[in-house]
Amino acid sequence: MLQIKTIEEYQQAYQKSVEDPEGFWAEQAATFQWKKPWDKVLEWDFKKPDVKWFLGGKLNITENCLDRHLESRGDQAAIIFEPNDPNEKETIYTYKQLHAAVCKTANALKNLGIKKGDRICFYMPMVPELAIGVLACARIGAVHSVVFAGFSAQALADRINDAEAKMVICSDYNNRGKKHIPVKKVVDEAIAMGCDSIETVLVHKNTGDDLNWNADLDKWWHDEVDSQSEHCEAEVMDSEDLLFILYTSGSTGKPKGVVHTCGGYMVYSTFSFLNVFQYQENDIYWCTADIGWITGHTYIVYGPLAAGATSIMFEGVPTYPHAGRFWEICDKYKVNQFYTAPTAIRALMALGDEHVEKYDLSSIKVLGTVGEPINEEAWNWYNEKVGKGNAPIVDTWWQTETGGIMITPIPNVTKLKPCFATNPLPGVQLCLVDPDGNEIEGNDVEGLLCIKFPWPAILRTTYGDHERCRTTYFSMFEDKYFTGDGARRDEDGMYRIIGRVDDVINVSGHRMGTAEVENAINEHPLVIESAVVGYPHEIKGQGIYAYVIISDSVTDNEAFQKEVANVVRTEIGPIAKPDVIQVVSGLPKTRSGKIMRRILRKVASKDISDLGDTSTLLNPEIVDEIISGAGLK
């Protein structure tokens with residue numbers, strides 16, 4: 001597979017990918033094992049939308065992630081598991097051991113009645129069994145849907161029901177920093193809410209603490225898996241068969257089940273991994289993400305394994321048991337590529353340089369950031385204190401829906417510029433458009449970021465609701481995928497992501513729809529209506545600011561704020577808790593009843609110098625009251 005090494009190679013590859021996209025991607029796909037070659041590289045129509053890559057091709061992604069490496073690197077480490085507690089020993093899975101574990105788990109799933117096309121929901125901490133379980137699903141053609149194990153029971157139940165999952169795989173408890181989290185208890189609560197499709201709950205014994213046990217539903221992982229054969233024939237999958245569903249928040253309340261399929265996702269995840277991180281034989285790569293998010297799917301599980309890489313999987317948090325834990329791990333394993341979120345970088349930066357300076361980080365060749373644009377101060381600190389000026393920073397832009405990294409520097413190839421994602425990878429045809437959909441030509445311009453040609457890992461649909469996929473991503477501008485982001489193209493043609501232009505907030509790299517948070521807040525008995533906006537937060541990137549109208553006055557404001565936060569925690573999870581809750585008597589609305597959120601965003605950001613035209617508001621006087629209530633007058 002092509003691994004770009006010079007700017008000339010990048011320019012040639014990019015040009016070919018635009019002039020002959022089918023030829024370019026056919027060359028990349030030919031480096032994998034296919035049970036049957038494809039009949040046609042691409043068919044697409046963004047109007048429907050309908051995109052198919054490698055039509056008629058047959059494969060199994062796990063044969064490309066595992067089996068094809070057994071002869072050449074069977075004894076090489078595939079996954080190094082670093083536990084939450086540094087006093088516990090790491091666990092290393094070689095490619096042979098990982099293959100055996102995946103086959104045993106796949107056989108256990110079949111034994112429990114799971115067939116090709118069945119959906120399995122995961123709600124697990126960052127333990128190797130999560131990666132093994134995901135691959136076991138892919139081995140037998142089951143569709144995995146991983147739910148981040150910080151979501152609430154309600155959020156989990158919503159996702160189980162939308163996917164009509166037949167099984168939940170979870171752990172008993174999760175050790176995360178100092179916290180001891182009862183994972184299965186949340187699963188029990190979710191199922192009690194009415195998840196009628198669930199036939200089995202498979203429980204991995206992570207800590208061995210006491211559990212409620214339902215003999216009709218619950219089965220222990222070790223009882224089902226340990227006795228199975230280490231051989232499992234891989235299911236023959238069509239290139240366009242479903243691989244996984246991953247739920248992402250949108251601007252309406254209901255999460256969207258983004259669907260990715262087998263062939264194109266495999267090709268793109270591997271191509272992007274090899275190029276963005278410049279992975280070389282015997283390197284040690286570490287992505288700190290959770291597999292509950294797309295970053296973990298693509299750059300912990302599928303991309304690195306398909307490339308034959310050695311990858312670290314970390315159970316814990318960056319500050320436990322001390323603020324140097326990330327750097328201690330980098331030193332311990334001599335990490336070569338390190339990929340984390342700007343939120344983590346800002347939090348560690350705030351704790352002081354001494355936590356970085358005591359460790360040897362000279363092995364690091366590439367530093368990456370993901371989840372949100374990185375600010376210049378954090379970029380400079382990361383470059384100087386962690387990379388020592390020797391490790392290029394790849395500030396990667398992409399989405400759950402894109403399946404893989406889309407805009408990024410390529411280390412030691414692309415010119416770097418703080419806060420800029422820089423250039424598209426080959427195969428990614430970007431454009432900026434104005435609100436009317438007219439393409440904005442030239443450089444030193446701003447606009448709405450769109451993509452005008454499919455790439456292999458583009459989402460295929462939103463599960464069970466294809467019309468929602470069309471209206472969300474393809475209806476805004478004709479024959480274009482609209483990312484929902486605004487962007488700037490500088491005088492050199494480099495891209496900087498400005499941020500969301502829809503009602504989605506990016507908190508610590510986690511996308512949340514404002515409607516989803518508002519729906520949760522409105523569950524509080526005193527709340528009549530709420531409006532949620534994002535505002536700049538020095539650690540999280542964006543914080544959540546909630547304006548609430550209540551039916552009665554509250555005597556204890558602190559207690560009320562805690563109650564609202566707890567409602568949100570219960571409905572969605574702790575990541576969605578508002579940072580600020582302001583009680584208001586009304587919201588600025590147009591005469592058609594639409595909330596004018598730009599005013600609320602200005603107030604939340606403490607920037608009221610130019611509120612624009614408020615004369616169209618039904619209740620312009622409410623603006624002064626909100627400003628005063630926020631302590632800005």
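Helices (H or I, at least four residues) and strands (E, at least two) are DSSP runs, numbered from the N terminus. This is a predicted model, so to speak of local features takes pLDDT of at least 70, side-chain atom pairs count only at pLDDT 80 or more, and totals for chains, interfaces and linings use all residues. Residues are numbered from 1 along each chain as its sequence is written, and side-chain values use heavy atoms, with hydrogens and water left out.

**View 1. N282 sits in the loop between α10 and β16.** Here's a backbone oddity: N282 is not a glycine, yet its phi is positive, at about 75°. Is N282 buried or exposed? With 62% relative accessibility, N282 counts as exposed (buried means under 20% relative accessible area, exposed over 50%, partly exposed in between, using a 1.4 Å probe and protein chains only).

**View 2. Q278 is another residue of the loop between α10 (262-276) and β16 (284-287).** Q278 has 10% relative accessibility and counts as buried. Its side chain has a polar atom 2.9 Å from the backbone oxygen of I4, and it also makes a polar contact with the side chain of K5, again listed at 2.9 Å. A polar contact here is a pair of N or O atoms within 3.5 Å; within protein, one must be able to donate a hydrogen and the other to accept it, and residues adjacent in sequence count only if both atoms are side-chain atoms. Setting aside neighbours within four places in sequence, Q278 is in contact with Q3, I4, K5, F273, D283, Q337, I410 and P411, where contact means heavy atoms within 4.5 Å.

**View 3. K334 and N336 both come up in the loop between α12 and β18.** K334 has a positive phi of about 55° without being a glycine, and K334 is partly exposed at 37% relative accessible area. N336, in contrast, counts as buried at 12% relative accessibility. What does the side chain of N336 reach at 3.2 Å? That would be the backbone oxygen of S363. Not counting residues up to four places away in sequence, N336 touches N282, D283, I284, S363, I364, K365 and V366.

**View 4. Helices α1 (residues 7-19) and α2 (residues 21-29) pack against each other at about 120°.** Their axes are 5 Å apart. Axes are lines fitted to C-alpha atoms, for helices over the stretch in contact, and angles run from 0 to 180 degrees between N-to-C directions. The angle makes α1 oblique to α2; angles under 35 degrees count as roughly parallel, over 145 as roughly antiparallel, 65 to 115 as roughly perpendicular and the rest as oblique. On the α1 side the contact is made by A13, K16, S17, V18 and E19, and on the α2 side by P21, G23, F24 and E27. Sorted by type, the residues of this contact come to four nonpolar, two polar and three charged. For the sorting, Ala, Val, Leu, Ile, Met, Phe, Trp, Tyr, Cys and Pro count as nonpolar, Asp, Glu, Lys and Arg as charged, and the others, Gly among them, as polar.

**View 5. Cysteines C65 and C431, in a structure with zero disulfides.** A disulfide is taken as a pair of cysteine sulfur atoms within 2.5 Å. Why is C65 without a bond? The closest cysteine sulfur, in C262, is 11 Å from the sulfur of C65, which is too far for a bond. C65 counts as buried, at 0% relative accessibility. C431 is in no disulfide either, with the nearest cysteine sulfur, that of C450, 5.0 Å away. C431 is buried too, with a relative accessible area of 1%.

**View 6. Two cis peptide bonds that lead into prolines.** From K48 to P49 the bond is cis, with omega near -15°, and P49 is found in the loop between β1 (40-45) and β2 (50-55). From Y320 to P321 the bond is also cis, with omega near 0°. P321 belongs to the loop between β17 (310-314) and α12 (325-333).

**View 7. D45 in strand β1.** D45 counts as partly exposed at 25% relative accessibility. A polar atom of its side chain lies 2.8 Å from the backbone nitrogen of K47.
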